[in-house]
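Hi,

Here is the structure I said I would pass on. Have a look at it first, and my notes follow underneath.

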Amino acid sequence: MTHPAAPSPIETVWHVQATYAPDAAETRVPFRAAHMARMRALKAAGVVTEVGAFLDVSATVAIVRAASEEEAIELFRQDVYMRNGVWVEIRARPFGRVRN
């Protein structure tokens, strides 16, 4: 009898960083409620495992479950912040997340 292989202790996810525009502290205000609701929904769905922003309003950082770099970036391109110029750049890198 063969036993199924144990899952890897490391899950490959994406570290996404979205850079804020220089005036983002002011320009994000009318979009913040929608942005926060979307991030909470993505967390509840398990797509985003962690998300937050640097307190100096320089960038948002998230850990995202996605099939590819393009998919991870597209998830953030669809956000109200990117569509309204609050974010100016999105980058993603593969990240090894330790499973529970």
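Let's start with H35, which counts as buried because its relative accessibility is 5% and the cut-off is under 20%. Keep in mind as you read that this is a predicted model. H35 sits in helix α2, and its side chain makes a polar contact with the side chain of D79, at 2.9 Å. What else does H35 touch, once neighbours within four places in sequence are left aside? Besides D79, the contacts are V80, Y81 and W87.

Two of those contacts lead straight to the aromatic residues. Y81 is buried, with a relative accessible area of 1%, and W87 is buried too, again with a relative accessible area of 1%. The count of aromatic pairs comes to 3. For Y81 and W87, the ring centres are 5.4 Å apart and the planes stand at 85°, so this pair is edge-to-face; the cut-off for that label is over 60 degrees. Y81 and W87 also belong to one aromatic cluster, together with Y20 and F76.

Now for the sheet. It is open, has 4 strands in the order β2-β3-β1-β4, and its pairing is antiparallel. Which strands stand at the edges? They are β2 (48-53) and β4 (87-98); each has a single partner strand, so one side of each is left without a neighbour in the sheet. On average, neighbouring strands are turned by 15° against each other, with direction ignored.

If you want to look at one pairing in detail, try β2 with β3 (residues 59-64): the two run antiparallel and are joined by 5 bridges. Within that pairing, G52 of the chain stands opposite V61 in β3.

Two helices pack on this sheet, and here is how they sit. Helix α2 (residues 32-44), the one that holds H35, touches β2 and β4, and its direction makes about 150° with that of β2. Helix α3 (residues 69-77) touches β1 (10-20), β2, β3 and β4. The direction of α3 makes about 135° with that of β4.

So if you open the model in a viewer, I'd go to H35 and D79 and their side-chain polar contact, then step over to the edge-to-face rings of Y81 and W87, and finish with helices α2 and α3 on the sheet.

Cheers

Key: Residues are numbered from 1 along each chain as its sequence is written. This is a predicted model: local features need pLDDT of at least 70, side-chain atom pairs count only at pLDDT 80 or more; totals for chains, interfaces and linings use all residues. Side-chain values use heavy atoms; hydrogens and water are left out. Two strands pair if DSSP finds at least two bridges between them. Axes are lines fitted to C-alpha atoms, for helices over the stretch in contact, and angles run from 0 to 180 degrees between N-to-C directions. Contact means heavy atoms within 4.5 Å. Rings of Phe, Tyr and Trp (its six-membered ring) pair if their centres lie within 6.5 Å; planes under 30 degrees apart count as stacked, over 60 as edge-to-face and the rest as tilted. Buried means under 20% relative accessible area, exposed over 50%, partly exposed in between (1.4 Å probe, protein chains only). A polar contact is a pair of N or O atoms within 3.5 Å; within protein, one must be able to donate a hydrogen and the other to accept it, and residues adjacent in sequence count only if both atoms are side-chain atoms.
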